[in-house]
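Subject: Structure handover

Hello,

Here is the structure you are taking over. Please keep it open while you read the notes below it.

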There are 2 protein chains.
Amino acid sequence: MINKLVSKIKKMGAPVVVGLDPMLNYVPEFVQKKAFEEYGETLEGAAEAIWQFNKAIVDQIYDIVPAVKPQIAMYEQFGVPGVAAYKKTVDYCKSKDLVVIGDVKRGDIGSTSAAYAVGHLGKVTVGSKKITAFDEDFATVNPYLGTDGIKPFVDVCKEEKKGIFVLVKTSNPSSGEFQDRLIDGRPLYELVGEKVAEWGADAMGDEYSYVGCVVGATYPKMGEILRKVMPKSYILVPGYGAQGGTAASLRPYFNEDGLGAIVNSSRGIIAAYKQEAYSKFGPEHFAEASRAAAEAMIADIASIF
Amino acid sequence: MINKLVSKIKKMGAPVVVGLDPMLNYVPEFVQKKAFEEYGETLEGAAEAIWQFNKAIVDQIYDIVPAVKPQIAMYEQFGVPGVAAYKKTVDYCKSKDLVVIGDVKRGDIGSTSAAYAVGHLGKVTVGSKKITAFDEDFATVNPYLGTDGIKPFVDVCKEEKKGIFVLVKTSNPSSGEFQDRLIDGRPLYELVGEKVAEWGADAMGDEYSYVGCVVGATYPKMGEILRKVMPKSYILVPGYGAQGGTAASLRPYFNEDGLGAIVNSSRGIIAAYKQEAYSKFGPEHFAEASRAAAEAMIADIASIF
C-alpha cells in the first residue's frame, strides 16, 4: 500500500491527504436538514449528514488527491451509527481508488493491539472464515506502550501489505509536555523516531517502509531531524493550514526527491466554503469549494520544490 | 461516578473489576454455534456470540463485583456489528448497576479528544438535541499528546460527574521502552503521574478524583512510588492473574484504608472454565465458573489486608 501511495503521489504531483473530520457544524444547513428530516435529530441523522457531506467532497477530490484520512473520533462521537458512517466512508473512498488512512490512534498491550490490527488492517477469524472489518489501507498508532503494542500492527501490515503511521511528534501545543523531554540529552520523540525506523526496517515496500510516522507541521526543526532519523519512513504531516503550519516550513519533512512526506489538511479543505477566500461558492456548492481549496493547497506545496 | 465506584467497592468488599475482553476462542463452542446458526459465520455472528457470552457472565457476577471493564478492541475487531455489541454490553451492565469502565485508550489533539470525550462520556449535540452515544461511566485515556489531549476529557468528566483512567505505567513487557526512560533522573511514568495528580486536582469527588490512572500489577515497586505521587487518584491495576501479578504484590497500590485501587482480571475470570481449577463446571456452565473465579479473586485480594 505504501507503494500505491507513493505512486499516486508521484502521478498526481500532490503529496496531500484530505482529512475527512466532519464536525457537524462544518456540514451545511441544507445537508443537515435533509438528514434530520429523514432520521430526526438522532445519532442516525447526524451520521447520515456527515456521510452525505463526505460523499459530495470525495466526488470532487478523488481525481486530484491521492489519499484521505478520516478521523474516527468525529464519527465515534455519534455512537454506533457514527461508526457505521465511518465504515461507509472508508468503503466509498476505496471504491474511488483513494488510499485511506484511518486516523484511529489505537495502541494497547500485545493481544489487544492485535485485535485492533486485524480489525482495522487485516482479517478477523470467525469460525472457518476470515473476514475484513474496517479494512482501511493505513492506520495511525500510538507508541506509548512500546514495541509489543506496535509489533502486532507491523505483523498484519506485512501480511496484508498495508501500513501504519506511528505518532512521533504531534502538532498540538502541549505535545512537548512529554514528547520533548530530554532522555540522555535527546528528546523522547527522537527515541520514538529511532524505534519507528527499527520497527519498519524489515517491513519495506519498494522505496519506503510500511511503517511511517506522524510529525506535526508546526515543528519544522524537529521535522528536519526526524527526517534523518527515519529515512525510509513516510512522514504524515498534520497541522498545515488551520493549525498554523505553512508550506515554506514543510520542506524539511521531504527528501531530496520530493518524496517522503504527505501533508494533511482537514478543516481547510472540507470546510473551505466557510472561508472568505471560497465564500463565492456558497454553502450549496461546499464540495466545489473543497476542490478549489485542495487545488490551492497542492499548488502551495508544489511551490516549495 | 468515582463516589459510586468507591461506595460499591466498600459495600461489596471487592476492589475488583472484571475485564469483558471476549476473544472468540473464549466463547464456548455451543454459544458460537448458536450464534452462527442464526447469523452465519459473519461479523454479526461473532458479535452475537460475544454478546451472549458477556450477558451470561454479567448475570452471574453483577451482585459480587462493583465494576466491569469492556476492552473495546475485542469488539472493534468485528467491525460495526462488534461495536454495536460493545454498546449493548455497556448498556446491559449499566442496567445491572455495574460501574462501566470503557477500556478505549483514546487520546488525540484537543478538538479530537473532545469528540472522543463527548462520544464516550458525555453528550453530543445533534441539531437542538443533546444525545448520549456510548455513555460509559469511565474511559481509559492515553497521555502521549499531553495536557490538551486530556483536558477535554476532564471537562466532560466534571460536567457529567464521570471519570477517566490515564495510562501511566502499563502492564506489558515492553512498557518500559519509553515509560521508564529517565528525565532529569526520574522515569517518564512518574512525570505522567504528576500530571495526573495535577489534572485531577480540581475535579474531585468526595475522597478521590475523577482522574485516575492505570498502573500495571506487574510493577509493584513502581506502584508504591506512584501511589504517593497521585494520592487522590484511583489506580486501575491490570495484569493480575494471567499477566503474572499476584495478590501479595498489590498491597502498595492501595492506601492505608484499603481504598485507592481497583484490580482488573479479564481472561482469569471470563475464561475460567478453561482452567484446571474450574474445569468441573464444563463449558456449558462457563458463567458459573466465572462467578467462582471472581469469588476466589475477591478472597485472594482481601487476604492482603
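The notes cover conventions, the two chains, the barrels and a cavity.

This is a predicted model, in which local features need pLDDT of at least 70, side-chain atom pairs count only at pLDDT 80 or more, and totals for chains, interfaces and linings use all residues. Residues are numbered from 1 along each chain as its sequence is written, chains are lettered from A and ligands numbered from 1 in the order in which they are written, and side-chain values use heavy atoms, leaving out hydrogens and water.

The two chains

A turn of 180 degrees, with a shift of 0.0 Å along the axis, lays chain A on chain B with an RMSD of 0.0 Å (least squares on the C-alpha atoms of residues with pLDDT of at least 70 in both copies). The two copies are therefore related as by a two-fold rotation axis. Both use the same surface, as 100% of the contact residues of chain A recur in chain B (contact means heavy atoms within 4.5 Å). Within chain A, the residue closest to the rotation axis is Ile183(A), whose C-alpha is at 2.7 Å.

The barrels

In chain A, eight strands form a closed barrel with parallel pairing, in the order E1-E2-E3-E6-E7-E10-E11-E12 (strands are DSSP runs of E, at least two residues, and helices are runs of H or I, at least four, numbered from the N terminus; two strands pair if DSSP finds at least two bridges between them). Strands E1 (residues 16-18) and E12 (residues 261-265) of chain A pair in the parallel sense over three bridges, and Val16(A) has Val263(A) in E12(A) as its bridge partner. Helix H5 (residues 79-95) of chain A packs on this sheet, touching strands E2 (67-68) and E3 (99-106) and making about 150 degrees with the direction of E3(A) (axes are lines fitted to C-alpha atoms, for helices over the stretch in contact, and angles run from 0 to 180 degrees between N-to-C directions).

Chain B also has a closed barrel of eight strands with parallel pairing, E1-E2-E3-E6-E7-E10-E11-E12. Its neighbouring strands are turned by 30 degrees against each other on average, direction ignored. Strands E10 (residues 211-215) and E11 (residues 235-237) of chain B pair in the parallel sense over two bridges, with Cys213(B) opposite Ile235(B).

The cavity

There is one cavity of 30 Å³ or more (on a 1 Å grid over the protein atoms alone, a set of points where a 1.4 Å probe fits but cannot get out). The largest cavity has a volume of about 40 Å³ (the space filled by probe spheres set on the points, which are joined across faces, edges and corners). Its lining residues (an atom within 4 Å of a point) include Ile72(A), Glu76(A), Ile72(B) and Glu76(B).

Regards

Notes. 1 Å grid on protein atoms, 1.4 Å probe; cavity = no way out; pocket = protein on both sides within 12 Å on 5 of 7 lines; lining within 4 Å.
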